[in-house]
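User: Could you take a close look at the ligand site for me, and then at the empty spaces elsewhere in the protein?

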Amino acid sequence: MDKHESGDRAIQNTLEPYWMPFTGNRHFKQHPRLLAAAEGMYYTSDDGRKILDGTAGLWCVNAGHGRREITEAIQRQAAKLDYAPSFQLSHPIAFELAARLTATLPGDFDYVFYANSGSEAVDTALKIALAYHQAKGEFRRTRLIGRERGYHGVGFGGISVGGIVGNRKAFASALLPQIDHLPHTHDPAKNAFSRGQPEHGAHFADALESLCALHDPATIAAVIVEPVAGSTGVLVPPKGYLERLRAICDKHGILLIFDEVITGFGRLGAPYAAEFFGVMPDLMTVAKGLTNAAVPMGAVYARKGIYQAFMQGPENAIELFHGYTYSGHPLACAAALATIEIHRRDGLAERAKGIAPYWENAIHSLEDAKHVIDLRNIGLIGAIEMAPRPGAAGGRAFEVFLECFKRGLLVRTTGDTIALSPPLIVEKPEIDRMAETIRAVLATIS
Ligand SMILES: Cc1ncc(COP(=O)(O)O)c(C=O)c1O
């Protein structure tokens with residue numbers, strides 16, 4: 001029978017047609033893990049089990065699941081204005097949100113450009129950086145610098161400056177030209193089992209001076225880094241590292257971009273990593289926690305001087321040839337406004353800061369657990385790195401992920417590292433349960 005004659009697809013609800021992202025599709029479809037509902041710190045699986053969320057979804061549900069205020073704001077907005085074009089037109093709450101965001105941003109971060117994901121925010125920031133130098137007449141500044149092990153989403157810009165090999169190798173022929181990379185900052189020989197920022201490694205930033213010497217600093221447009229590298233397995237910046245990157249960028253007129261898609265919205269115990277570390281970039285990318293993940297949204301925050309550099313020529317001329325149909329989508333704006341209000345009212349960043357020492361102790365209580373070779377933490381992020389199985393990197397971690405899920409705990413694994421990033425509403429007994437479950441699971445895994 002032809003597939004078009006096979007009747008109502010919704011009724012069949014087969015797993016096969018959905019080509020899942022970053023997933024082993026064949027394995028998953030034989031062993032599906034489906035989440036049917038969520039509230040507070042817990043998911044409910046489709047077979048009715050409660051699963052403690054150790055990862056805030058994908059580092060994004062910072063205020064916890066099912067926040068009524070966000071749901072209602074989305075419902076109200078959908079009933080009032082479903083969509084408005086974003087080019088040459090807009091709608092009131094897109095402006096209200098930008099005003100609310102910039103009011104809480106540090107320094108002269110006075111402008112917001114909307115995207116719909118972290119990947120789009122990154123590509124937008126890279127384009128703004130390139131176009132900024134053109135607008136200023138610095139036509140030779142066309143080079144972008146990323147970092148080994150960096151993750152900046154999956155657009156061509158993001159994978160080009162990114163440094164995760166698996167995300168690049170099939171697309172090598174189409175990566176952007178004029179890219180270079182800083183070394184990553186992971187130095188387990190000196191820094192294993194560090195609590196918070198490692199002592200050693202500020203000198204990794206000096207590689208930027210070497211790249212300047214190699215390429216001529218006047219050809220470099222921007223450097224992009226995650227203040228804390230997340231997706232690669234949580235690499236916390238060594239003390240003094242970000243400060244040194246900032247100083248070298250200043251010396252050579254290079255823009256510094258912080259990709260705060262994970263670190264934004266309270267994850268470190270401050271609204272943004274820029275404030276937590278006291279280092280101001282020129283552009284910041286955000287997504288995820290911006291709407292508590294209830295509606296997709298990303299954004300780029302720009303400092304005043306950057307926006308102003310574009311404001312030249314005839315007033316009706318388009319200044320930046322870039323944007324998305326869904327930039328500043330009304331439902332996303334409504335979700336973001338409600339999310340920001342929850343953060344403000346409940347002091348979520350402060351809450352994260354308050355519970356972070358307990359979190360740190362819980363992570364480091366695993367020092368003697370089986371297979372563990374390193375533990376890392378900062379804010380409400382934790383990483384448990386295991387020795388890889390000979391010839392089967394990642395295999396042990398994947399088993400840990402499956403076994404934790406069976407036992408009602410959602411963790412995220414990348415390589416042989418278990419990464420944890422719970423909603424910022426997490427309570428101490430839930431932290432204890434995460435550590436206990438992981439210890440028990442590690443003991444059962446070969
Ligand atoms: C630092 C960073 N940048 C960009 C992205 C991409 O975000 P998205 O998956 O929303 O495109 C991610 C996603 O994890 C991220 O961690």
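Analyst: Here is a walk through the ligand site, then the cavities and a pocket, and lastly one salt bridge.

Quick ground rules: this is a predicted model, where local features need pLDDT of at least 70, side-chain atom pairs count only at pLDDT 80 or more, and totals for chains, interfaces and linings use all residues. Residues are numbered from 1 along each chain as its sequence is written, and side-chain values use heavy atoms, with hydrogens and water left out.

Let's start with the ligand. The residues around it (a heavy atom within 4 Å) are Ser117, Gly118, Ser119, Tyr151, His152, Gly153, Glu226, Ser231, Asp259, Val261, Ile262 and Lys288. Sorted by class, that shell has three nonpolar, six polar and three charged residues. The classes go like this: Ala, Val, Leu, Ile, Met, Phe, Trp, Tyr, Cys and Pro are nonpolar, Asp, Glu, Lys and Arg are charged, and the others, Gly among them, are polar.

Several of these residues make polar contacts, meaning N or O pairs within 3.5 Å. Asp259 puts a side-chain N or O atom 2.7 Å from a ligand nitrogen. Gly118 uses its backbone instead, with a polar atom there 2.8 Å from a ligand oxygen. Lys288 has a polar side-chain atom 2.9 Å from a ligand oxygen. On its own the ligand has 390 Å² of accessible area, and the protein covers 83% of that (Shrake-Rupley method, 1.4 Å probe).

Now the empty spaces. Rolling a probe the size of a water molecule over the atoms shows where empty space is left. On a 1 Å grid over the protein atoms alone, a cavity is a set of points where a 1.4 Å probe fits but cannot get out; a pocket is an open set with protein on both sides within 12 Å along at least five of seven lines, and lining residues have an atom within 4 Å of a point. Points are joined across faces, edges and corners, and the volume is the space filled by probe spheres set on them.

The whole structure has three cavities of 30 Å³ or more. The largest holds about 120 Å³, and its lining includes Thr185, His186, Asp187, Asp374 and Arg376. Helix H9 (188-191) and strand E11 (372-378) are the elements giving two or more residues to that lining; helices (H or I, at least four residues) and strands (E, at least two) are DSSP runs numbered from the N terminus. Its classes come out as four nonpolar, five polar and three charged.

The second largest cavity, at about 40 Å³, has a lining of ten nonpolar residues, with no polar and no charged ones. Among them are Trp359, Leu366, Ile431 and Met434. Helix H17 (428-444) gives the most, four residues, and helix H15 (348-364) also supplies at least two.

As for open space, the second largest pocket has about 1200 Å³. Of its 35 lining residues, Ser86, Val112, Phe113, Tyr307 and Glu319 lie nearest its centre. Strand E4 (109-115) is one of the elements giving two or more residues, and its five are the largest share. The lining splits into 22 nonpolar, ten polar and three charged residues.

One last stop: the count of salt bridges (a Lys or Arg side-chain nitrogen within 4 Å of an Asp or Glu carboxyl oxygen) is 24. In one of them, Arg100 pairs with Glu341, with the closest N and O atoms 3.4 Å apart. Arg100 sits in helix H5 and Glu341 in helix H14 (residues 330-346), so the pair ties together parts 241 residues apart in sequence.

Note on methods
Polar contact = N/O pair within 3.5 Å; in protein donor to acceptor, adjacent residues only side chain to side chain.
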